[in-house]
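Thank you all for coming. I would like to take you through one model this morning, and I ask you to keep the sequence and the structure in view while I talk.

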Amino acid sequence: MHDIEGVILAGGRASRMGGDDKGLVMLNGKPLYQYVLETLKPQVKTLSISANRNLPIYQQSGLKVFTDTLRDYPGPLAGMLSGLQQSKHEWVMFAPCDVPFIPSDIVQYLWMQRDGHKAAYIHDGNRAHPTIALLSRELISPLMKYLEQGERKLMIFLEQCNAQQVIYLAQDCFINFNTHEECQRCEQKLKEQE
């Protein structure tokens, strides 16, 4: 398998979290991003974090932390562009900071299923998860052009670059948290399972 870099996307505004930094929202006494870090780190050559605020807190993880090269929080594609630009390897695996139960074989799975495409993303059989994606650095130029045109929709970009949709039938692994209430409900559920 190729050397693949990993990037945790933690640069969003998190408006549905009341503006709180999603990656730092606690679940069972641990920030959400640390769940992703612990699962992704053994699967990639190097791991870094794309963040636009609370940089010193993220830097405490010991990982490299970088910001968007584009201003004004233009969405996950800006974090992906920065991740590709700073990568030293051809392939970069992206995962959002708010998907704490991401599978421990997700990188290998995407790599094996990408079928020669320059991008591959997860679909859980029910819905697409375009921020859980493997992208080639060859997409830097088309992605820059796409963003320069004022476009922001990740799914449309992936369709334009003929990304491979990869089915991974494990919906529980791709639960993401958009509100504090969702976190609290999950925490309650985890405590009941103990």
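I will go through two helices, then the annotated positions, then a pocket, and lastly some individual residues.

Before that, please bear in mind that this is a predicted model, in which local features need pLDDT of at least 70 and side-chain atom pairs count only at pLDDT 80 or more, whereas totals for chains, interfaces and linings use all residues. Residues are numbered from 1 along each chain as its sequence is written, and side-chain values use heavy atoms, with hydrogens and water left out.

Let me begin with helix H4, residues 106–113, where helices (H or I, at least four residues) and strands (E, at least two) are DSSP runs numbered from the N terminus. Ile 106, Val 107, Leu 110 and Trp 111 are buried in H4, and by buried I mean under 20% relative accessible area, with exposed being over 50% and partly exposed in between, for a 1.4 Å probe and protein chains only. These residues cover an arc of only 130° around the axis, which puts them on the same side of H4; the arc is that of the directions from the helix axis to the C-beta atoms. The general background is that an α-helix has 3.6 residues a turn, so residues three or four places apart point the same way.

What covers that buried side? The cover of the buried residues of H4 includes helix H1 (32–40) and the strands S1 (4–10), S6, S7 (119–123), S8 (128–136) and S9 (164–167), and contact here means heavy atoms within 4.5 Å. Just after H4 comes Asp 115, which takes a positive phi of about 60°.

Helix H5, residues 140–148, can be described along similar lines, with Ile 140, Leu 143, Tyr 146 and Leu 147 as its buried residues. Seen down the axis of H5, these buried residues fall within an arc of 130°, so they line one face of the helix. They pack against helix H3 (76–86) and helix H6 (154–160), and H5 is followed by Gly 150, with a positive phi near 90°.

Now to the annotation. UniProt, in an unreviewed entry, lists Leu 9, Ala 10, Gly 11, Lys 22, Asp 68 and Asp 98 under "binding site"; the positions are given in the numbering used here, feature names are shortened, and such annotations may be inferred rather than shown by experiment.

Leu 9 is in strand S1 and counts as buried, at 10% relative accessibility. If we do not count residues up to four places away in sequence, Leu 9 touches a set of residues made up of Ser 50, Pro 76, Gly 79, Met 80, Phe 94, Ala 95, Pro 96, Cys 97 and Thr 131. Gly 11 lies in the loop between S1 and S2, and at 16% relative accessibility Gly 11 counts as buried too.

Where is Asp 98 placed, for those following on the screen? Asp 98 sits in the loop between strand S6 (91–96) and helix H4, and is buried, with a relative accessible area of 4%. Its contacts, leaving aside neighbours within four places in sequence, are Lys 22, Leu 32, Ile 175, Asn 176, Phe 177 and Asn 178.

Two of those names, Ile 175 and Phe 177, come back in the second largest pocket, where they are listed with Phe 101, Cys 186 and Lys 189 as lying nearest the centre, out of 10 lining residues. A pocket is an open set of points, on a 1 Å grid over the protein atoms alone, with protein on both sides within 12 Å along at least five of seven lines, and lining residues have an atom within 4 Å of a point. The volume of this second largest pocket is about 240 Å³, a volume being the space filled by probe spheres set on the points. By class, its lining has five nonpolar, one polar and four charged residues, with Asp, Glu, Lys and Arg counted as charged, Ala, Val, Leu, Ile, Met, Phe, Trp, Tyr, Cys and Pro as nonpolar, and the others, Gly among them, as polar.

Lastly, some individual residues. Asn 28, in the loop between strand S2 (26–27) and strand S3 (30–31), has a positive phi near 55° without being a glycine. Asn 54, in the loop between strand S4 (46–51) and helix H2 (55–59), likewise has a positive phi, of about 55°, and is partly exposed, with a relative accessible area of 34%.

His 2 belongs to the segment before S1 and is in contact with Glu 90, Trp 91 and Trp 111, once neighbours within four places in sequence are left aside.

Definitions and conventions:
On a 1 Å grid over the protein atoms alone, a cavity is a set of points where a 1.4 Å probe fits but cannot get out, and a pocket is an open set with protein on both sides within 12 Å along at least five of seven lines; lining residues have an atom within 4 Å of a point.
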